[in-house]
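The exercises below go through one chain, from its helix packing to its overall layout. Each task is followed by a worked solution.

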Amino acid sequence: MNKSYNALITIILGLLFSLTSFGFIDEEKPCGHAHQDVFLRDVAPTTEQQKIDIRYYSLNFDIDIATTSMTNEFLVELVVLDTSLEVIELDYSTDNSGVGNITVTNVLFDDDSVIFYHGNDLLRIPVVEKPGLGQRISVRIFSESGPANNHDDQGFNWDYESGRRAIWTNSQPYDARDWWPSVDYPRDKADSVDIVVTIDDYMTVASNGRLVSTLDHGDGSKTWHWHVGHPIATYLVSLSIYEFYEWGDIYVDANNDTLPIQFYTYSHPDNPYPSYMTANYRLLPDMIRLFESQFGPYPFMDEKYGHAEWGKSYGMEHQTLTSMGDPTERRVAHELAHMWFGDMITCYSYHHIWINEGFARYAEALWWEEHYGPAGYREKMKAFEYYGTGTIYVEDPETESIFGLSLSYNKPAWVLHMLRHMVGDETFFEILQTYAADPEFKYKTATTEQFQMVCEEITGLDLDNFFQQWIYGPGFPHYRAYRAQTGEDLLIQTIQSGIVFDMPVDFRITTTSSVIDTVLRINEQFMTFHFQIPPGEIVTGLVMDPDDWILKSTDYVIGVIEDEQVGPEYFELGQNYPNPFNPMTIIPYSLDKSGPVHISIVDVMGKEVVDLINSNQIRGHHKTSWNSLDQQGKAVEAGIYFCRLQAGIQTEIRKLLLVK
Ligand SMILES: [Zn+2]
């Protein structure tokens with residue numbers, strides 16, 4: 001039997017989930033885990049970089065495999081945002097990068113050679129004359145690099161696979177600068193990019209966007225031209241070069257539009273390594289179909305999606321062409337989801353990396369739910385539980401790990417899981433789709449606050465507490481629930497130890513013949529609730545959040561909280577709310593000691609209208625309610641009433657106004 005039996009008080013409290021501000025206590029310092037990121041750099045563009053907006057890059061690489069050297073030509077087009085601009089500053093490594101030493105040989109400013117300075121990983125080009133606001137400037141940069149002296153995993157990599165040369169790039173967070181000049185921060189996306197590579201003709205060059213052309217020069221070399229037609233962050237531009245097996249698939253969407261799916265792999269799909277590669281890659285059309293239904297249209301439908309194998313054992317969501325290591329099913333889903341969250345909408349800065357990684361992590365669970373059912377979803381979320389310290393918000397991307405699995409992936413996936421339950425499935429996916437379609441974010445960037453804004457617009461809720469406590473605050477709620485039954489009255493008390501969270505929490509009360517599910521907003525350190533239990537039934541169990549929708553710890557006590565644990569130090573009948581009201585109002589009160597309590601409503605003539613409480617109660621903050629419609633079927637007349645609270649020799653009275 002599973003009877004949905006909502007006690008009067010609890011249903012009101014559950015529905016009154018309009019979050020008000022409470023002083024969030026940040027008791028722990030932001031995380032201090034080890035420096036995993038050996039490649040950390042500056043976290044913000046320079047002052048001069050903030051005066052320009054990059055619109056377009058053309059990246060031209062002439063690669064000589066024999067000498068591991070390159071001749072490069074780049075075109076950078078930008079718009080002036082601030083006329084005080086004096087120097088165009090582009091992030092561009094000077095030495096020890098994956099391509100070897102870089103020498104800039106010439107810089108052209110509208111076809112004229114200009115003076116430039118290259119040092120400390122910055123290419124500085126003084127502007128020739130004071131620029132106009134909105135002026136479009138083209139800068140052409142020529143450079144040479146090599147020979148490559150090391151293989152450092154970040155930036156540009158001269159690698160080997162099965163004894164043959166393999167080249168691949170890995171530029172997140174700040175390593176595009178290791179192989180091409182740019183404003184290398186996610187916030188400044190180019191509107192489009194051309195990537196042109198000339199290399200030995202037996203190699204296949206895979207990159208972002210759409211393959212425009214290949215040109216065989218007949219001298220053993222070949223030129224590949226890829227065009228990216230959607231905005232792209234610098235760290236998402238990639239190259240993968242090898243004697244690949246090329247194969248693919250096709251996705252057909254609801255409008256009968258087709259999306260090519262292209263794979264560039266080291267092993268043949270009929271004899272894959274690892275053995276599950278081909279089978280997992282073949283899941284992509286179903287995965288795209290699911291994510292389109294949940295997030296909205298695939299963002300690069302006019303280009304492609306695909307995977308290029310590389311020398312790492314993980315994935316990297318390079319736009320339209322994920323670089324794929326160990327191709328597990330979860331990784332294939334994760335990197336695909338990044339096309340919406342990470343690539344189409346990119347974190348504004350690495351403070352907000354959860355906007356990328358938390359969404360992709362959660363998408364793994366969404367795929368598991370689709371493919372393996374609700375139990376699969378639960379299993380995935382269970383695997384993502386994180387009970388450690390630190391905040392999801394990356395306080396200092398210069399010194400902290402940006403890509404810590406616990407705080408940038410797993411706990412953020414739980415934030416989305418919790419949000420989903422709070423607002424319901426329909427609203428949750430409406431949030432994701434609205435966010436993904438919003439022109440303010442689509443093909444642009446977003447912050448925590450901007451995502452919160454979308455959530456609040458869709459739900460009408462004030463979600464400030466939710467995002468503050470879960471994104472900017474550390475930890476998770478520790479709940480202890482007490483229960484004590486007196487006849488038909490079940491007293492439930494909750495204590496939160498440590499940081500006090502504000503969350504709606506599911507409660508499941510089991511009696512000798514019923515299962516009662518209800519929702520209580522738990523937002524104070526000590527809280528007390530009364531439930532009406534059906535006559536003759538004995539409460540046999542109480543569970544908070546029985547279906548694991550909250551990242552939390554719980555334990556349970558049969559009995560009541562000792563007075564000295566709870567407070568308060570005063571006796572008070574609070575003002576009812578709402579007031580005036582019709583038909584229902586909540587009456588808060590505080591008891592400074594345990595004992596018999598009598599709460600009643602009386603009319604202006606002093607005649608008792610209803611007995612609300614007449615029982616022993618414990619010291620603490622309590623709430624009860626009066627439903628003026630619920631008096632044995634009789635509606636009470638509108639007018640002035642009084643609520644009277646008596647406990648021992650203490651009495652307080654408050655005026656209530658019932659309106660028509
Ligand atoms: Zn990811």
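P578 sits in the loop that joins β30 (572–573) to β31 (584–591). This is a predicted model, in which local features need pLDDT of at least 70, side-chain atom pairs count only at pLDDT 80 or more, and totals for chains, interfaces and linings use all residues. Residues are numbered from 1 along each chain as its sequence is written. Helices (H or I, at least four residues) and strands (E, at least two) are DSSP runs, numbered from the N terminus.

**Exercise 1. Describe the peptide bonds that lead into P578 and P580.**

Step 1. From Y577 to P578 the peptide bond is cis, with omega near -10 degrees.

Step 2. P580 is also placed in the loop between β30 and β31. The bond from N579 to P580 is cis, with omega near 0 degrees.

Step 3. For background, most peptide bonds are trans, and most residues other than glycine have a negative phi.

**Exercise 2. Find the phi values of D545 and D548, and state whether each residue is buried or exposed.**

Step 1. D545 belongs to the loop between β28 (539–544) and β29 (553–558). Its phi is near 50 degrees, a positive value in a residue other than glycine.

Step 2. D548 lies in the loop between β28 and β29 as well, and its phi, also positive, is near 55 degrees.

Step 3. Apply the burial classes: a residue is buried if 20 or more other C-beta atoms lie within 10 Å of its own, exposed if 12 or fewer, and partly exposed in between, with C-beta atoms placed from the backbone. D545 has 21 C-beta neighbours inside 10 Å and therefore counts as buried. D548 has 15 C-beta neighbours inside 10 Å, so D548 counts as partly exposed.

**Exercise 3. Work out how α3 packs on α4.**

Step 1. Two packed helices are described by the angle between their axes and the distance between the axes. Axes are lines fitted to C-alpha atoms, for helices over the stretch in contact, and angles run from 0 to 180 degrees between N-to-C directions.

Step 2. Helix α3 (residues 284–295) packs on helix α4 (residues 329–337) at an angle of about 45 degrees, and their axes are 10 Å apart. That makes α3 oblique to α4; angles under 35 degrees count as roughly parallel, over 145 as roughly antiparallel, 65 to 115 as roughly perpendicular and the rest as oblique.

Step 3. The crossing of α3 past α4 is right-handed. A crossing is left-handed if the near helix is turned anticlockwise from the far one by less than a right angle, and right-handed if clockwise.

Step 4. On the α3 side the contact holds L284, M287, I288 and F291, which meet V332, A333, L336 and A337 in α4. By class, the residues of this contact of α3 with α4 are eight nonpolar, no polar and no charged. Here Ala, Val, Leu, Ile, Met, Phe, Trp, Tyr, Cys and Pro count as nonpolar, Asp, Glu, Lys and Arg as charged, and the others, Gly among them, as polar. Two residues are in contact if their C-beta atoms, placed from the backbone, lie within 7 Å.

**Exercise 4. Repeat the analysis for α3 and α5.**

Step 1. The axes of α3 and helix α5 (residues 354–383) cross at roughly 110 degrees and come within 11 Å. The two helices are therefore roughly perpendicular to each other.

Step 2. α3 and α5 make a right-handed crossing.

Step 3. M287, L290, F291 and Q294 of α3 meet A363, L366, W367 and E370 of α5. This contact of α3 with α5 has six nonpolar, one polar and one charged residues.

**Exercise 5. Which residues of α4 are buried, and what do they pack against?**

Step 1. Seven of the nine residues of α4 are buried, which leaves the helix mostly covered. They are R331, V332, A333, H334, E335, L336 and A337.

Step 2. Their packing partners are α2, α3, β18 (305–309), β19 (315–316), β20 (322–324) and α5.

Step 3. Y281 lies in helix α2 (residues 277–281). Leaving aside neighbours within four places in sequence, Y281 is in contact with F263, H307, P327 and V332.

**Exercise 6. Summarise the chain as a whole.**

Step 1. The chain has 10 helices and 36 strands, and 42% of its 660 residues count as buried.

Step 2. The domain assignment, which is automatic or from a database, gives domain 1 (8–18 + 476–561), domain 2 (53–337), domain 3 (348–464) and domain 4 (572–658).
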